Amino acid sequence: MEVVSIERSTYEELLTSFNSFVTKMKEMASRGNDKKLGDWLDNQDVCQILNISPRTLQTLRDNGTLAYSQINRKVYYKPEDVESILFIVTDKDKDSKMCNLKTECL
C-alpha cells in the first residue's frame, strides 16, 4: 500500500470539488425521476381519443403529423401532441363525411 501526503488546503479543495460533483449528479438523477410514463398515451388510447383506426394512426406517424417515442416495440405519445392534432383529424373527418354526402369530391 502506498501512502500519499497532500497539503490540507489541497485536500479541502478536492473535497469541495467532489461534493459539487455529487450534488450535480443528484440533480441530474432527480430530473429523470420527474418524467413518468404514466403521463404518456399508447396506440389504443390515441385511437380512442381521435376516433381513428390504427392504420390511420400509423399514417399520422409516418408523415410526421404526430410526434411519438418508441421503446422496444411499444409506441407512446405525449398528450399535448395528440391534442395539437385533434383539430386536423376532426377537419379531415368532416371533409370525408361531406364527400360521402355529396357522392362527389372536389
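## Contacts around R61

In this predicted model, R61 touches N43, L66, Y68, V75 and Y77, when residues up to four places away in sequence are left aside. R61 itself belongs to helix α3, which covers residues 54-62. With N43, one of the residues it touches, R61 also shares a polar contact, in which the two side chains are joined at 3.3 Å.

Which side chain of opposite charge is nearest to R61, and how far away is it? That side chain is D62, at 5.4 Å, and R61, although buried, has no salt bridge. Because a salt bridge requires a side-chain nitrogen of Lys or Arg within 4 Å of a carboxyl oxygen of Asp or Glu, the distance of 5.4 Å to D62 does not qualify.

## The two sides of helix α2

Helix α2 spans residues 43-50, and within it V46, C47 and L50 are buried. Viewed down the axis of α2, these buried residues fall within an arc of 100 degrees, so they line one face of the helix. An α-helix has 3.6 residues a turn, so residues three or four places apart point the same way.

The face of α2 that is turned away from the buried side carries Q44 and Q48, both of which are exposed. Just after α2 comes N51, which takes a positive phi of about 60 degrees.

## Salt bridges

How many salt bridges does the model contain? The count comes to two. In one of them, the side chains of E12 and R8 meet with an N to O distance of 3.4 Å. E12 and R8 are four residues apart in helix α1, which runs over residues 8-34, and they are therefore separated by about one helical turn. E12 counts as partly exposed, at 42% relative accessibility, whereas R8 is exposed, with a relative accessible area of 66%.

A salt bridge is also formed between K74 and D42, whose closest N and O atoms are 3.5 Å apart. Since K74 lies in strand β3 (residues 74-77) and D42 in strand β1 (residues 41-42), the pair ties together parts that are 32 residues apart in sequence. Are K74 and D42 buried or partly exposed? K74 is partly exposed, with a relative accessible area of 38%, while D42, at 17% relative accessibility, counts as buried.

Technical notes:
Residues are numbered from 1 along each chain as its sequence is written. This is a predicted model: local features need pLDDT of at least 70, side-chain atom pairs count only at pLDDT 80 or more; totals for chains, interfaces and linings use all residues. Side-chain values use heavy atoms; hydrogens and water are left out. Helices (H or I, at least four residues) and strands (E, at least two) are DSSP runs, numbered from the N terminus. Buried means under 20% relative accessible area, exposed over 50%, partly exposed in between (1.4 Å probe, protein chains only). Lys and Arg count as positive and Asp and Glu as negative; His and the chain ends are not counted. A polar contact is a pair of N or O atoms within 3.5 Å; within protein, one must be able to donate a hydrogen and the other to accept it, and residues adjacent in sequence count only if both atoms are side-chain atoms. Contact means heavy atoms within 4.5 Å. The arc is that of the directions from the helix axis to the C-beta atoms.
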